[in-house]
Every structure is written in C-alpha cells, then in structure tokens.
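Colleague: I'm new to this structure and would love a close look at just one part of it. Could you pick a strand and show me what surrounds it?

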Amino acid sequence: MDDRKILVLTGASRGIGHATVKRFSSAGWRVITCSRHGFPENCPWEAGPEDHLKIDLSSPDDVQRGAAELIDRLEGKPLHALVNNAGVSPKEPDGSRLDCRKTPLNLWQTVYQVNVFAPIMLAQQLCSALKEGGGSIVNVTSIAGGRVHEFAGSAYSTSKAALGALTREMASDFGKLGIRVNAIAPGEIKTDILSPDSETAILPQIPLGRFGNADEVADTVFFLCSDQAQYLNGSEIHVNGGQHV
Ligand SMILES: NC(=O)c1ccc[n+]([C@@H]2O[C@H](COP(=O)([O-])OP(=O)(O)OC[C@H]3O[C@@H](n4cnc5c(N)ncnc54)[C@H](OP(=O)(O)O)[C@@H]3O)[C@@H](O)[C@H]2O)c1
C-alpha cells in the first residue's frame, strides 16, 4: 500500500520548485507537480510522468480543470501539503523594470491571476483533502512584496504583497479547519527569474554577501510542511541572507 505523504506543488519545472520536488521526494513524499509544460523526456525522476499535470495558471478555466484533475489523481487520499510556488515576473524586453506607468492592464491581470488568484483557487478546491490530511499550505511571496525593488516590476511586487495578505486571511480561515497556512519570502535566489545584472546591483545589500540557492529555499518550505512546524500558522519567513534588515 502507498502510504506516502502527498504534496501538490505548482511551478515544479525549474528553480525553487524543482529543488522543492527533490527535497520532498528525498524525504519519501509523493509529489504531484504542475506547470504549463509536459514532463521533460530527459528528466530522470521516475515518478515524474505519472504525477505531473499540465496546468496554465494564467487561465482561470484551466485552473478549475486542473484542480478537478488533481482531486482525481488523489483518488480519495488525504493531502498533506499544497505549495503555491509558481510565479511570473514580467520585465521589459531589455530586462529592465516594468513600473506602474508602463504596465498595461492585461499584464496586471495575468500576473495577479498566476501569483494570487491561482493559489486561492487551488486552496479552495483542495481544502477537503488538506483537512483530511491535517495538511498545510505554503505560499511563495517575495522580498519585493514589502518594498520597491530595483528589478521586480510593480504588478509582480504588488501581487506578492497581496499574496502575503492572503496568507494572513487564509491562516485565519483554513486554520480553523486544522490547515496551517504560511508563506516564505525569498530574496535573491539563483534561478531564471532574476535579471542578469542583479548581482552587481543587489549583492552589497545582503549581509551574508551572496545570493541564495534554490535548495536553501526548499529546505524552509519543507520545514514549514513538517511536524517540526506544527504551531506555525500565518507566518511569513524571510529567506534572504538578511537583505530585508
Ligand atoms: N528566484 C528568486 O530570487 C525569487 C525571489 C523572490 C520570490 N521568488 C518566487 O519564487 C517562486 C519560484 O521562483 P523561481 O525563481 O524558481 O522561478 P522560475 O525559475 O522562473 O520558475 C517559475 C515556475 O513557475 C511556473 N509557471 C510560470 N508561469 C506559469 C503558469 N502560467 N502556469 C503554470 N506554471 C507557471 C514555471 O513553469 P513552466 O514555465 O514550465 O510553466 C516554473 O516552474 C515564484 O513565485 C517567485 O516569484 C523567487
């Protein structure tokens, strides 16, 4: 019988999400992943193809369809964690910051759909399974949710602030069902989402003097979903080497 704990993770194909798959898998969890693309043929992860779903989080209809498919894949089993990790951070074609004046309405809408609405839609749909599993939710916010950032655009930053506020609301509403809801706010983590010249501009702001690795973020996500974090609810953990101080 398969009695592994189960995680549903968005944005698993790269960066922090990819490291999170590896962290939970190595601890014996079953990880059901989602992203816009199919499972890559060259990926050596055995369970990957059968536990991967294609969902475009920028489409509300596709999120509803994907959530129904996720529930089917659970086959009535309890869910132990939902990690809302996928995120989009649009930039100008030359990589520079898309500020409030330059961001068109349709882009604000797409960013909010992926970064804020998809997380709550998935949490609503998976609520019963999470309650059954005494599970927890982790929302991935950002240091940019708390201040103007040199590279992160206005739509992205405000969406992450909204996701932080949503984490607080969810911790109150889902917490009453025994489902803990927390957030992690990464600083500068070496992934594709970073702008090319961010190291020169931002490194001096980080007391630890380096950018973070995706594995270090995955460790924090894992901790929040573990039995060691049973009384943590509604918190937002900075994973940024002290960049926020
Ligand atoms: N790296 C950092 O320094 C940093 C800092 C602060 C916060 N964060 C946050 O951490 C999270 C992960 O970031 P990352 O750096 O690992 O990003 P990344 O390398 O750009 O990966 C983003 C992930 O999101 C998925 N995704 C994007 N749009 C999607 C959509 N419409 N539907 C489904 N999946 C979608 C991508 O998968 P597909 O392309 O395959 O669909 C990919 O797996 C994000 O929420 C980001 O905002 C990162």
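Modeller: Happily! Two strands pair if DSSP finds at least two bridges between them; strands (E, at least two residues) and helices (H or I, at least four) are DSSP runs numbered from the N terminus. This is a predicted model, where local features need pLDDT of at least 70, side-chain atom pairs count only at pLDDT 80 or more, and totals for chains, interfaces and linings use all residues. Residues are numbered from 1 along each chain as its sequence is written.

Let's look at strand 2, residues 30-35. Thr-33 stands opposite His-52 in strand 3, and three bridges pair strand 2 with strand 3 in the parallel sense. Strand 1 also runs parallel to strand 2, joined to it by five bridges. Val-8, for instance, has Ile-32 in strand 2 as its bridge partner. Between strand 1 and strand 2 the chain passes through helix 1 (residues 15-26), making a right-handed β-α-β crossover (clockwise from the first strand over the helix to the second, with the strands pointing away from the viewer).

Five of the six residues of strand 2 are buried, so the rest of the structure largely encloses this strand. Buried means 20 or more other C-beta atoms within 10 Å of a residue's own, with C-beta atoms placed from the backbone.

Strand 2 also helps to cover the buried residues of helix 2, as do strand 1, strand 3 and helix 3 (105-133). Those buried residues of helix 2 include Val-63, Gly-66, Ala-67 and Leu-70. Seen down the helix axis, they fall within an arc of 105° and therefore line one face of helix 2 (the arc of directions from the axis to the C-beta atoms).

Methods:
Buried ≥ 20, exposed ≤ 12 C-beta atoms within 10 Å, placed from the backbone. Contact = placed C-beta atoms within 7 Å.
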